[in-house]
Amino acid sequence: MTIVRTRYSEAHPGLGDGADPVTTEIIRQGLNAAADQMKQSLIRTAFSPIIYEALDFAVAFYDADMCMLAQAPTLPAFMGTLGFCVHEAVEGVGGPAALSPGDVILYNDPYGTGSHPQDAAMVVPIFHDDVLVGYSAIKAHWLDIGGKDPYCTDTVDVHQEGTIFPGVKLYDAGRLVSDVYRMILANSRMPEMVIGDINAMVAGARTGAEALAALVRRHGLDTFRRCVARMYAHGEALVRGWFDQLPDGVYRASSVIDSDGVNGTPIPFGVEVVVDGSSVTVDLTDCPDQVGGPVNCPLPSTVAAVRIAVSFLAGAGEQPNEGHFRPLELVTRLGSLFHPVRPAPCFMYGIPSDHAIELILRALAEAVPESVPAASGGDINALVWWGNREATGEPWADGAPHPVGQGASRSADGASALMYISESATRFTPAEVWEARNPWRIERLALAEDSGGPGRHRGGLGLDLSFRVLEDQYLTSGLARTALAPWGMEGGLPGRPNRLTVEYPDGRVEDFSLKTRIFLPKGAVVHLRTGSGGGYGSPGERDPEAVRADLREGYITHEHARRHYPHAL
Amino acid sequence: MTTVIGVDVGGTFTDLVLHDAATGEIRVAKQPTTPSAPERGVLAAVDAAVPRDLLARCRHFVHGTTVGLNALLERRGASVGLITTAGFRDVLEIRRGDRDDPYDLSWTPPPPLVPRRLRLEVAERVAADGSVVRELDPDGVRRAAETFAAEGVDAVAIVLMNSYANPAHETRVAELLAEAGFAGPVSLSHEVSGEYREYERTCTTVVDAFVRHRMGPYLHNLDHELRERGFVGELLVTRSGGGALALAEAAARPFETILSGPVAGAAATARLAASLGLGTAVAADVGGTSFDTALIEDGRLPLLYQGEVVGLPLQSPWVDVRSVGAGGGSIAYADAGGLLRVGPRSSGADPGPACYGRGGTEPTVTDAALHLGMIPRGRISGGIELSAADAARALAPLAGLTGIDGVDAVAVGVIRIAAAHMAQAVRGVTVERGVDPRGSAVVAFGGAGPVFGCLLADELDVDTVVVPPNAGNFSAVGLVQADIVRSAARTMVRPLDDAALTAVGDVARSLFERLARPGAVREVDLDLRHRGQEHTLTIPVRLGEDDPAAVSARFAEAYHRAFGHTLPDPLEIVTVRATSRVVLDDERPLVPAPPSGGGGAGTTRLWSFRRGAWTEAPVVRREDLTGVAEGPLLVLEPTATAYVDAGFAVEAHESGCLLITRKDRP
C-alpha cells in the first residue's frame, strides 16, 4: 500500500520579493484576459456542441516550471488539472529540450489528463527570444476518438475507452505531422467533427500562446518572472488568510457511490479534512481498491475535486493560479478508487470526483456552517445520443449535461435547476436548437413540483425533461446519484435522486442509471427527472408566508404542504 | 441641412446637443437627471438651452432614454402574463442552467419577470420545420384570459415553441385572447424576435411586454410637451443597435431601445473615423464609472445580434460596446493579499472622488490623476474646486497597505492599473474580431478619456490618438447624427444554395413589409456558419446579384480574418436579417466647433510616465495651440484635458480634433 502526498512546493521562493506590486497586478490581469481570449476563440470555432455549448473544456497557461499562471473560467471540474497533462505531454515528446517554436503536442492519456480519452489536450510551448517561457494548453471533449462506444459506462479497462495519444507532436515546428493526423481521423466515428474541433483547439492554443508572448515582450522576461512569483505568493496569501479563520480540527464525512457500472455493488468511501493553521490536508484513502467498472478517478481529477471544493469556499471570487493551491495537501492511496493505476477503467471519472466535491464540503460544514449548503442533485446527468439519420444515413451524435436543484443553506432556499457545481459555467441547449438538429421532440421542460427537499429553507427544484425520439437511435445514460437521495442538513429533509425512465412504444417502461447503448425505437419517450436540493433546518420552522408563496406559485402542492408544513396552513 | 436636437438621459446628467442648421453651430448643455420623472430633466434642458423659435425650426428630436432600462433595474413595469406551449411554462425560470459566477456555490438567479402563477400553458405544438404536430386548443387560451383578468394582468407575452418557423398559432392565441376580452397590449414572440432559442426569445418578449407599459406613455407625454412648446418635427428614439426609431415604433418595440446610452459615443466615433479616413479606430470613452470601448472598422458600428442587460438576454441588434469598471470615479484599494486594485466599485456622482471635497474619502482614479498633475488643479465645470490635498490624503493609506513607496508611486500605480484595464478591454474587442490594435487610431473622449490617450497608446502600441473637440460631450454628438433604422430577423436553418438564396429573398421581402418607410435603403445580412458549427458570422448579401459562391467567398474572408484559418465545410444559413435605413442628412457636421475657454494657461508640475519623473510642463488652451507642440504638456478645453506625455506631439487638426502622434516607442 503506497500513500501518496500531493503537495505543491513554492517555485522560486523569494523571487517575487522585489517585484513591483503594480506591475504584478497588471500582469495578473493580463494573464487572466489572455486566458479568456483563448477561451472565446475556442467557443466560437468549435464544432462539437459539447465544447461550445456545454463548455466541456479547459484553457490555461503554465509557466516554464509547469505552475499554473491562469485558467479561464470554464468547467471548474478541470480546475488545475492541466498541469499534469502539460508535464506528461512534454515528457512524452522528449522533455523541454525537444521543443521548438511552432510545436503542438497532442495528449489524451487518461492517467495524465484525469479524464477519458475523449478529453484531448493540445499543448503549445511558448518562446521569447528562443527561451521557453511557458505553455498554453487546451483540453476539450471530442465527440469520438474510438472506444467501444461513443460514451461508455461499462468498460473494464482503459483500452476499451478510446485511442490513446501519449504525447505526440501534431505540429512539428509549425508543420502538420500528417501521420498523426490521419491516425486521429481513422480512429473516430465522427471524423468531420473531430477535424473541426482540432482546428479550433490549435487556433485557440496558438492565439493564447501569442497573447502570452506579447505579455512577456511588453514587460521583459525578468520582470515577468519576478511578478509571476509575487502573483503566486499573493494567491497563496489570499487562500491562507481564509484557512486561518477556520477552526483547527479534523472533519469527516462518508457516503456511497451507487455502482461502478459493471458489477453493480455500492461503493462506500469517506473523506477526512485536517485543518491546521493555514494549511489544509484532504485525505481520500478511505475508499476501496480500484474497481472493475469505469468509476475510478485518476489522480489529476482527484486533485481537481479537492481544489474545487476548497476554492468554492476560499477563492474569494478570484480566478485561481498555482499560488491558490499551495496551502492544500492531498493524501491518496496508489491503486485505489481515487488514485487508480493502468489499466483501470475510468471513463466515468466524474462520478467519484463530483461526489467527492460535495462530500468535502459536507465535512467542512461543521467548521463553516454558514457557507455549506445541503446536497444538490449531485450529478451532471450526462446523456449521449447517436444514430444514423433516417433520410440520409448520415451519422449524428449529441450529448449534454442537465441541471439539478441546489441544496438549501442556512440563509436561503436552494436555487432550482442549475448545473452541478463542477460544471457550473455550462449552459444547457435550447429545446428549439435540439429539435432543429436532432430527431427529437421535447415534450416537457419543466420544474418538478414538490421535488425540493423540505426544510426551514427549501431545496431547489429538479427538472422534468421528456424527449420523444422521432427516429431509431441509441442513448448512453451516465446518471449517478440515482439511489442516494440528496441529503438535508440541520434537520432538513432529503430531495429526490436522479432518475431516467424509458417508455417504449409497446408500453414497456424501464429505468436506467449507468447504461451504455440503450436502443430507442422510433416513438420511445425518454423521461429525465433530475435530482433536487436537500432542505436546511426543520420544515416545521419554515416561515408560513414562504409556504403560502410556494403554494400560490405552484412550487409545491397542497398535499405536500399538508404533509411537511402543516403549521403554515 | 436640418436643425436637430439630441437629448441623452444618463445616470447622472441629461445631455443636450443642438445642431443649428442656420448657423452650423453645435451647442451642448447639461442638466441633472431627474430619475423619478425623466421627462422633467429633458424638458428643463430644452427650456434652458433651446429658444422657442429654434425648437420650431427643429426637424428631428433624437432622444436616448433609460426609461426601459430603469424599469428593468427597478423591476417596475407591467404585470405581465405569459402564454406558452404545454410543457414549457418554466422556460423563463429555468434559463440555461448556468451561473453568473461559476465559482459561487450559493449563486441564485434573480426572480423571473413573470411569476409562475401567471405563466400559463396551452395545448398546441409546432415542429422545427413549421409543421403542426398538435392543433391549438382554444379553451386553454380562454382559461388563461380568465386567470389574467382575475389577476389584473396589464400585458401578455405569447411565446410558443418553434413559432419562428410557423407563427400561425401565436397569432391565433392573440386573436382568441382579444375575443375573450383581454384589451391590454400583447407581445408575440415571432414579431419581437423571429429567432430560435426559446429562453432568449421568451425573455425578449417578456421584457417587451414589461417595459412597453412604461415606455409608451412616457414617450407620448414627452412628445406632447414638446409640441406644446412649438416643436413640429419628429421625435426619434435611439436604438441599442445604432440609429433611431420613430416614436410609434419605439413605443411598439421598446426592447430595441433598452441600452442606447453607450451607443452614441461609438456612433460619433464611427462618423468621425469615416470622415478622417481612419481604417480602424478604437472608441475610448472614459466616463465617471466606466470605460466604454468599441472597434470601428471602415466607419461601421460593430453589431451583435444578442445583448444582455441586468442578466436578461435580449435578441435584438446590439452595438458591441464593452464596458469595464475603470473610470474617473473608480476606487483604488488594497486587496486581502496586499495587491493594489482599481475598480469596479465607483465613488459615483455622490460623493465623487475625494478631491471634489464633498465627503468622499476613498481614493479614485481622478484623485491619482490630479495628484500627478494630469488634470489642472483648480475649478472644474459645475463649480467644483479640486483639492490636491484631499486627493493626497485619500491616496496615502494605500502606500502602507500595499508596500508601495510613497503617495507618488501609489498614484502612478493607480493610473497604470486603470490604463491596463482599459487596454485589456480594447484587446478584447479587437482580437475577437481578428484585428491587431496596433494598426488602429485611439479616439479618446469622455471627461477623462483625453487624460488616458497617451497611456493607452503605449499600452496598445498605437501611434495615433485623436481627441475630438468638446471631448467631454462627444457622445452626445452621436445623437444628432443618428439615422432612422429598423430591423427584423427570422431564423431559417438550411444549406446555402441557389434555392436557399431565393427563399432568403422571400423572407427578406416579408420582413421589409413590416419595416416600410419612404426613402429607406434596404440591407440584408445572413447569419452563416459551417455546417456542424453553432456560432455564426453575419455577412451582408446583395439579393438578386450574389450567387452562393459569392456569399461563400465573403464568408471565408470574414472567417479567416476572425479566426486565422479557413475550412472546406459547406455553409449553412441560420438567420435572415433585414435592415431599413433612412439617412436623415449627410450635411450634418462631424464635430462641434472647438470651444474656447478652459482655464488658465501657464506651466504646471506634472508626472511624466515616459520619464518616470516629475517635470515642469506647459499648459496650453486649445484655441492657442498652433503648429506642432512636443510633450509633455496639457491642452485645456472646457470639458476635458488632454495629457500629452514626453515622446508624443500634438497638433490641432483642420477637422477641429487634436491629433496626438507618438514620436518614439517607450
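Here are a few worked exercises on a predicted model with chains A and B.

**Exercise 1. Work out which strands of the open sheet β14-β13-β17-β20 in chain A stand at the edges, and say why.**

Step 1. Start with the order: this open sheet of chain A has four strands, arranged β14-β13-β17-β20, with antiparallel pairing.

Step 2. Look for strands with a single partner. These are β14 (395-400) and β20 (514-520) of chain A, so each has one side left without a neighbour in the sheet.

Step 3. Add the twist, which averages 15 degrees from one strand to the next.

Step 4. Zoom in on one pair. Strand β13 (residues 383-388) of chain A runs antiparallel to β14(A), and six bridges join them. Within that pairing, Trp385(A) has Asp398(A) in β14(A) as its bridge partner.

**Exercise 2. Decide which side chains lie on each face of strand β4 (residues 104-107) of chain A, and find its antiparallel partners.**

Step 1. Recall a rule of thumb: side chains in a regular strand alternate between the two faces of the sheet.

Step 2. Apply it to the residues here. Val104(A) and Leu106(A) are on one side of β4(A), while Ile105(A) and Tyr107(A) are on the other.

Step 3. Check burial, for which a residue needs 20 or more other C-beta atoms within 10 Å of its own. All four of these residues are buried, so both faces of β4(A) are covered.

Step 4. Turn to the pairing. Strand β7 (residues 166-172) of chain A pairs with β4(A) in the antiparallel sense over four bridges, and here Pro166(A) is the bridge partner of Tyr107(A). Strand β5 (residues 119-128) of chain A is also antiparallel to β4(A), joined by three bridges; in β5(A), Met122(A) is the bridge partner of Leu106(A).

**Exercise 3. Find the residues with the most contacts inside the largest nonpolar core, and see what surrounds one of them.**

Step 1. Keep the background in mind: nonpolar side chains tend to be buried together in soluble globular proteins.

Step 2. Take the largest core, which has 370 residues; Ile360(A) and Val443(B) have the most contacts inside it.

Step 3. Ask which element supplies the largest share. That is helix α13 (residues 407-431) of chain B, with 14 residues.

Step 4. List the neighbours of Ile360(A). Leaving out residues up to four places away in sequence, Ile360(A) touches Val271(A), Val273(A), Val282(A), Val306(A) and Ala309(A).

Step 5. Note that another core, of 22 residues, lies apart from the largest one; Val507(B), Ile539(B), Val541(B) and Ile573(B) are among its members.

**Exercise 4. Describe the side of chain B that touches chain A, by element and by residue class.**

Step 1. Count the contacts: 57 residues of chain B meet 65 residues of chain A.

Step 2. Sort by element. Those giving two or more residues to this side of chain B are α4 (91-94), α8 (198-228), β21 (340-346) and α13 of chain B. The most come from α13(B), with nine residues.

Step 3. Sort by class: this side of chain B has 23 nonpolar, 18 polar and 16 charged residues.

**Exercise 5. Characterise the contact between the two assigned domains of chain A.**

Step 1. Set the bounds. The domain assignment gives domain 1 (10-235) and domain 2 (373-569) for chain A.

Step 2. Place them: their C-alpha centres lie 34 Å apart.

Step 3. Count the contacts, in which 20 residues of domain 1 of chain A meet 22 residues of domain 2 of chain A.

Step 4. Classify the domain 1 side: 13 nonpolar, two polar and five charged residues.

Methods. Residues are numbered from 1 along each chain as its sequence is written. Chains are lettered from A and ligands numbered from 1 in the order in which they are written. This is a predicted model: local features need pLDDT of at least 70, side-chain atom pairs count only at pLDDT 80 or more; totals for chains, interfaces and linings use all residues. Two strands pair if DSSP finds at least two bridges between them. Axes are lines fitted to C-alpha atoms, for helices over the stretch in contact, and angles run from 0 to 180 degrees between N-to-C directions. Domain bounds come from an automatic or database domain assignment. Two residues are in contact if their C-beta atoms, placed from the backbone, lie within 7 Å. Ala, Val, Leu, Ile, Met, Phe, Trp, Tyr, Cys and Pro count as nonpolar, Asp, Glu, Lys and Arg as charged, and the others, Gly among them, as polar. A nonpolar core is a set of buried Ala, Val, Leu, Ile, Met, Phe, Trp, Tyr and Cys residues joined through C-beta atoms within 7 Å. A residue is buried if 20 or more other C-beta atoms lie within 10 Å of its own, exposed if 12 or fewer, and partly exposed in between; C-beta atoms are placed from the backbone.
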